Amino acid sequence: MLFNLKKFIGGLMMPLPALLLLMGLALLLLWFTRWQKSGKVILSLSWLLLLLLSLQPVADRLLKPLESSYPTYRGNGQIDYIVVLGGGYTYNPDWAPSSNLLNNSLPRVTEGVRLYLSHPGSKMVFTGGKGAKTQSSAATAALVAESLGVPANDIVLVDRPRDTEQEAAEVAKLVGKQPFALVTSANHLPRAMRFFEAQGLHPIPAPANQLAITSPLNIWDRVMPSAMFLGHSERAAYETLGSLWQQLKGDGEVSSD
């Protein structure tokens, strides 16, 4: 119950739902009250914020600091485990396996497979519970890895956790104190590292799914509002709120070995 409430409240605090609620409030004020000036101000500011958060220069400037914490992992040292954190997914057995991984999930899996291929003898660990779906996030990601050539006997499922904090606790039981590659979205990796280090673990950061664009873009891509760039702003907001919650709970404090 608490988990669902946390997700619901967190969802309402994302830019799009929050700004739509503010616009709705403004319309109520304009249509049904005498507070016309307040309604106009709220509506104007909400519209302006929605516009700005949908522009590439604003969205990627918000997201880039989160994604710049760790470089792409290119090490060749011995790694026994490659831990790929779960993300968005659905499950339809009639689809191609990769079509069931949504948003951030597929780039995480493909980066994990790349690391697996460059570290012979390693095991791939997929995390993530099933929530309301018929199959877990971990099992769905594993099917994609198998379709890309990873043998089933090199795959380990950790399919009970529902969030990153729980994933860290379960992975600790598997890997112990040995170093392992931790693969997740670049914007999520700083928060994930704190959770795993708080368990006394030794993760090697392996970012995937970088979103903030630093290469040159056409002028129309920079000045036109886009749902894609609004999504970048939402990722920045999500991880910022998640980090604040983590600090309030004290989950980022590293435990003693």
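**View 1. The aromatic pair, Phe180 with Phe196.** There is 1 aromatic pair in this predicted model. The ring centres of Phe180 and Phe196 sit 6.0 Å apart with their planes at 55°, so this one goes down as tilted; edge-to-face would take an angle over 60 degrees. Phe180 belongs to strand S4 (residues 180–185) and Phe196 to helix H8 (residues 189–198), so the pair ties together parts that are 16 residues apart in sequence.

**View 2. Burial of the two rings' residues, Phe180 and Phe196.** Buried means under 20% relative accessible area. Phe180 comes out at 0% relative accessibility, so it counts as buried. Phe196 is at 0% too, so it is also buried.

**View 3. Helix H10 from end to end, residues 227–249.** H10 runs for 23 residues and covers 32 Å between its first C-alpha and its last, close to the 33 Å expected at 1.5 Å a residue.

**View 4. The two ends of H10: Ser226 and Gly250.** At the N-terminal end, Ser226 acts as the cap, with a side-chain oxygen 3.1 Å from the backbone nitrogen of Met228. After the helix comes Gly250, with a positive phi near 80°.

**View 5. The buried residues of H10 and what covers them.** The buried residues in H10 are Phe229, Leu230, His232, Ser233, Ala236, Glu239, Gly242, Ser243 and Gln246. Their cover includes helix H2 (15–32), helix H3 (36–53), helix H4 (56–67) and helix H9 (219–223). H8 is also part of that cover, and we've met H8 already as the helix that holds Phe196.

Conventions:
Residues numbered from 1 in each chain as written. Predicted model: local features only at pLDDT ≥ 70, side-chain atom pairs only at ≥ 80, totals over all residues. Heavy atoms only, no water. Phe/Tyr/Trp six-rings, centres within 6.5 Å; stacked < 30°, edge-to-face > 60°. Helix = DSSP H or I, 4+ residues; strand = E, 2+ residues; numbered from the N terminus. Buried < 20%, exposed > 50% of the residue type's maximum accessible area, 1.4 Å probe, protein only. Expected span 1.5 Å × (residues − 1). Contact = heavy atoms within 4.5 Å. Polar contact = N/O pair within 3.5 Å; in protein donor to acceptor, adjacent residues only side chain to side chain.
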